[in-house]
Structure formats: structure tokens, C-alpha cells
Amino acid sequence: MIIAIDGPAASGKGTIGKQLAAHYGLRHLDTGLLYRAVAKQVLDTGRPPDDAEAAIAAAKSLDPARFDEAALKAPAIGEAASVVSAIPEVRAALINFQREFAATPPGAVLDGRDIGTIICPRADVKIFVTASPEARAARRGKEYRAAGQSIDDATVLADIRRRDERDTGRAIAPLQQAPDAHLLDTTDMDISTAIRAAVDIVEATRAGRGRG
Ligand code: C5P
């Protein structure tokens, strides 16, 4: 089984993806880490994230087995990731890895921005997870502070709005709900309620009742 989860930053898609994978015994890929790793590699060599040549070279030489997830989750890396991810050759260099990951038995849960639309258009289940920008900023701010990073809510909200705009407005693989994706709005849900709702969507889809 392949489950595709898409949605904007801090919508809950990462946690939902991880939990669905554990629940169904599937592998899990947070595809945002790929773009974050490209961005970090570019920044580490002193180049700006819109340096296409450096970003394409980084995407072609990526080694996901060596990712340092904590370092990749830093706020500045998310911002730079949304810049490198708008470069078509960067996206092209990462497609095969994602498709092979999805196709490897016993199947996988992938979360990102273009999983249901581009990477796995034939996924068994597609979920588009969203929440209001304010709810997402409050969650992300809490995560940053728990990780010891001092950043205020207004800055996090501005970052989220900017990334939403860039991710939905770009020419290539923009963030959008696939026509056959189930919408899951987590604005008023805690994480355990959201996970239950996601499992319900998978079960309903598997029972043949979910797709309309
Ligand atoms: O999901 P996360 O916030 O870690 O993603 C960082 C950035 O990577 C996003 O803002 C988006 O621009 C990009 N991304 C993407 N396609 C994906 C996953 C992430 O363009 N499948």
C-alpha cells in the first residue's frame, strides 16, 4: 500500500505520516528532508539558496542515509528549502529516489507537497492535511521553543505565510490538493484526533467507501 500525504508547513502531515506508517507496518519518508538537505548543503558552501548550479549539484549527490534530521529542521533551512525546491532540475533529481522508496515492499507513506499529484499519482490513499496559518504557526513555535530555539510567534507566522505563498505559487509542482485526495483539516484537532481521522480515511478508502 502507498499512502500519499500532502499539505503546508506544520499542518501535522509529518506526525500523521509517521504514525500511519507505524500503524500499517509501512516505511515512511518525510520528503521535505530531501529539499532541506539540498538547501543545507548549498548554505554550508557559502552560496545563496537561489544558486541553481549549486542546488542542482547538491540534489544530484544527496545521500539520505546520512541525514542529520535535527539540523535539517532548523527554521532557516525550511525557508531555504522552499527556494531550492522551486528549481525544476532539483525536483527532477529527487524524483527517482522518492518513487523507488514508495515502490519498495511492503509499501510506504510519503509526505510532502507533490506526492499525490506528481510523485505517486496512483497512490492507494491520498490525504491533503491542512490547518489555519495561525494554528500552524502556534504549533511550529512550540516545537522550536521545545528544541531550545528562541523565535517569536509573529516571526513563525510570517515565515509560514511566505512559504505557503512560495509553495502554492511556484510554476513547478505547486502545493495543491489532488482531485482524489481526502481533505483533513486539523485546525481544531489535537494530534491524536488527527491521527484517528487519518486512519479512518485509510480504512474507508480500503473498504471502497472513501473515494467519491
Ligand atoms: O515539509 P517541510 O516543511 O520540511 O518542507 C520544506 C520545504 O521543502 C517546503 O516549504 C517546500 O518548499 C519543499 N518541499 C517540496 N516538495 C516536497 C516536500 C517539501 O517542494 N515534496
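This briefing covers the ligand site and three residues of the structure above. The model is predicted. In it, 15 residues surround the ligand. The space taken by the ligand is the largest pocket. The protein buries 98% of the area that the ligand exposes when taken alone.

**The shell around the ligand**

- The closest of the 15 surrounding residues are Arg36, Arg91, Arg163, Asp167 and Arg170.
- By class, the shell holds eight charged residues, five polar ones and two nonpolar ones.
- Three helices each supply at least two shell residues: helix 2 (32-44), helix 5 (75-84) and helix 9 (153-169).
- Helix 2 gives the most, with three residues.

**Polar contacts with the ligand**

- An N or O atom in the side chain of Arg36 lies 2.6 Å from an oxygen atom of the ligand.
- Ser85 places a polar side-chain atom 2.9 Å from a ligand oxygen atom.
- For Arg113, a polar side-chain atom lies 2.9 Å from an oxygen atom of the ligand.
- Taken alone, the ligand exposes 450 Å², and the protein buries 98% of that area.

**Met189**

- Met189 sits in the loop between strand 5 (182-185) and helix 10 (191-206).
- Its relative accessible area is 28%. That value falls between the 20% limit for buried and the 50% limit for exposed, so Met189 counts as partly exposed.
- Met189 and Gly12 are 177 residues apart in sequence. In space, their C-alpha atoms are 9.9 Å apart.

**Thr205**

- Thr205 belongs to helix 10.
- Its relative accessibility is 12%. Buried means under 20%, so Thr205 counts as buried.
- The Thr205 side chain reaches the backbone oxygen of Ile201 at 2.7 Å.

**Lys13**

- Lys13 lies in helix 1, which covers residues 13-24.
- Lys13 has a relative accessible area of 8%. This is under the 20% limit, so Lys13 is buried.
- Lys13 and Lys60 are 47 residues apart in sequence. From C-alpha to C-alpha, they are 26 Å apart in space.

Methods: Residues numbered from 1 in each chain as written. Predicted model: local features only at pLDDT ≥ 70, side-chain atom pairs only at ≥ 80, totals over all residues. Heavy atoms only, no water. Near = heavy atom within 4 Å. Polar contact = N/O pair within 3.5 Å; in protein donor to acceptor, adjacent residues only side chain to side chain. Areas by Shrake-Rupley, 256 points an atom, 1.4 Å probe, with all protein chains shown as cover. 1 Å grid on protein atoms, 1.4 Å probe; cavity = no way out; pocket = protein on both sides within 12 Å on 5 of 7 lines; lining within 4 Å. Sits in = over half its atoms within 2 Å of the grid points. Helix = DSSP H or I, 4+ residues; strand = E, 2+ residues; numbered from the N terminus. Nonpolar A, V, L, I, M, F, W, Y, C, P; charged D, E, K, R; others polar. Buried < 20%, exposed > 50% of the residue type's maximum accessible area, 1.4 Å probe, protein only.
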